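Student: Before we look at the model together, could you take me through the reasoning behind some of the labels attached to it?

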Amino acid sequence: MSIKAILAALFLVACSSFVTGSGRPKAQILLVGSYHMTNPGLDAVNLVSDDVLSDKRQAEIENLVKRLARFKPSKIAVEIRRGSTADSLLQINYTQYLAGKYMLGKHESEQVGFRLAKLLGHTKIFAIDVAGEFDMNKVMGFAMNNGMGTEAQGLMQDMQEFMKQEDDALKRSTVPEHFAHMNSPEFITRGWEVYQRFLTFHKDNLYPGADLFTEVFRRNLKIVSNLMRLRESEDDRVLVIYGAGHIPFFKNIITGNPDMEIVDALKYLK
């Protein structure tokens, strides 16, 4: 083989490694889907949490935090709007919490995030959320007015029944048990399938279901982009605490990323 051919072959190998990231260490990402402990009621259908400040739930959350600590994250990211007033308040409250001057609120970013960060000696919590739109009423109205009312009602009934099952499951479970359930492959797949059903709502050149799916995907792409900001080295281990509905999007977006690798959450939740 000529020198020219050898150099060309080496160039192709180098380009392949650059594009695929093969052989390059990746930051470890632990995605932990959570229910919203404050009952904000912001989703289309909402799980109703009992009082996480009760003695029983507090002991269970401490147990959950000890399990997650085994991952030894270098950073913890939570569902608070990045760069917002809430982000600034998050950092102030965490600093006060470290000093023993702040009582934890009900939000999972504090109940789980603050506790875990303090246990591991972290000085900062990272907010990575962005604003998004989820106008399901627009899609449902379109469906009702275009001969798809039965399908729309069926989807809503299925979502409501699913959430009732989750309400009942939480009542029967400890917090660690419910987190393990919400991060199981079966739960994550079911959540993804719900969004897929929105794609059936279309007529002619109108695609309100796909438009809604696009907006949800757009928000999650931006969140993952914020997550990527946290990667400073291949040694980073980032634990993400987020509403469980985001987890299938995060997994689909991160899979194949040359700089990040998803870690199995059940390894630390069970």
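Student: What phi does Gly147 take, and where is Gly147 placed with respect to α5?

Tutor: In this predicted model, Gly147 comes just after α5 (136–145) and takes a positive phi of about 75°.

Student: Which residues of α5 are called buried, and what makes them so?

Tutor: Buried means under 20% relative accessible area, and the residues of α5 that are buried are Met136, Val139, Met140, Phe142 and Ala143. Around the axis they cover an arc of only 160°, and therefore they lie on the same side of α5. On the other side of α5 the label is exposed, which calls for over 50%, and Asn137, Lys138 and Asn145 are exposed there.

Student: What do the buried residues of α5 pack against?

Tutor: The buried residues of α5 pack against α6 (149–172), α8 (185–198) and α9, where packing rests on contact, that is, heavy atoms within 4.5 Å.

Student: Which helices each supply at least two residues to the lining of the second largest pocket, and which gives the most?

Tutor: Both α5 and α9 (208–229) each supply at least two residues of that lining, and α9 gives the most, with four residues. The pocket has a volume of about 160 Å³, and its lining consists of Glu133, Asp135, Lys138, Val139, Pro208, Asp211, Leu212 and Glu215.

Student: How do the residues of that lining divide into nonpolar, polar and charged?

Tutor: Since Asp, Glu, Lys and Arg count as charged, whereas Val, Leu and Pro are among those that count as nonpolar, the lining divides into five charged, three nonpolar and no polar residues.

Student: Why is strand β4 described as largely enclosed by the rest of the structure?

Tutor: Six of the seven residues of β4 (residues 237–243) are buried, and so the strand is largely enclosed by the rest of the structure.

Student: How do you know which strands pair with β4?

Tutor: Pairing requires at least two bridges between two strands. Strand β1 (residues 27–34) is joined to β4 by seven bridges and runs parallel to it, with Gly243 in β4 as the bridge partner of Ser34. Strand β2 (residues 75–81) pairs with β4 over four bridges, also in the parallel sense, and there Val78 has Ile241 as its bridge partner. Both strands therefore meet the requirement of at least two bridges.

Student: What makes helix α7 mostly covered?

Tutor: Six of the eight residues of α7 (residues 175–182) are buried, namely Val175, Pro176, His178, Phe179, Ala180 and Met182. What covers these buried residues includes β1, α2 (55–69), α6, α8 and α11 (266–269).

Key
Residues are numbered from 1 along each chain as its sequence is written. This is a predicted model: local features need pLDDT of at least 70, side-chain atom pairs count only at pLDDT 80 or more; totals for chains, interfaces and linings use all residues. Side-chain values use heavy atoms; hydrogens and water are left out. Buried means under 20% relative accessible area, exposed over 50%, partly exposed in between (1.4 Å probe, protein chains only). On a 1 Å grid over the protein atoms alone, a cavity is a set of points where a 1.4 Å probe fits but cannot get out, and a pocket is an open set with protein on both sides within 12 Å along at least five of seven lines; lining residues have an atom within 4 Å of a point. Grid points are joined across faces, edges and corners, and a volume is the space filled by probe spheres set on the points. The arc is that of the directions from the helix axis to the C-beta atoms.
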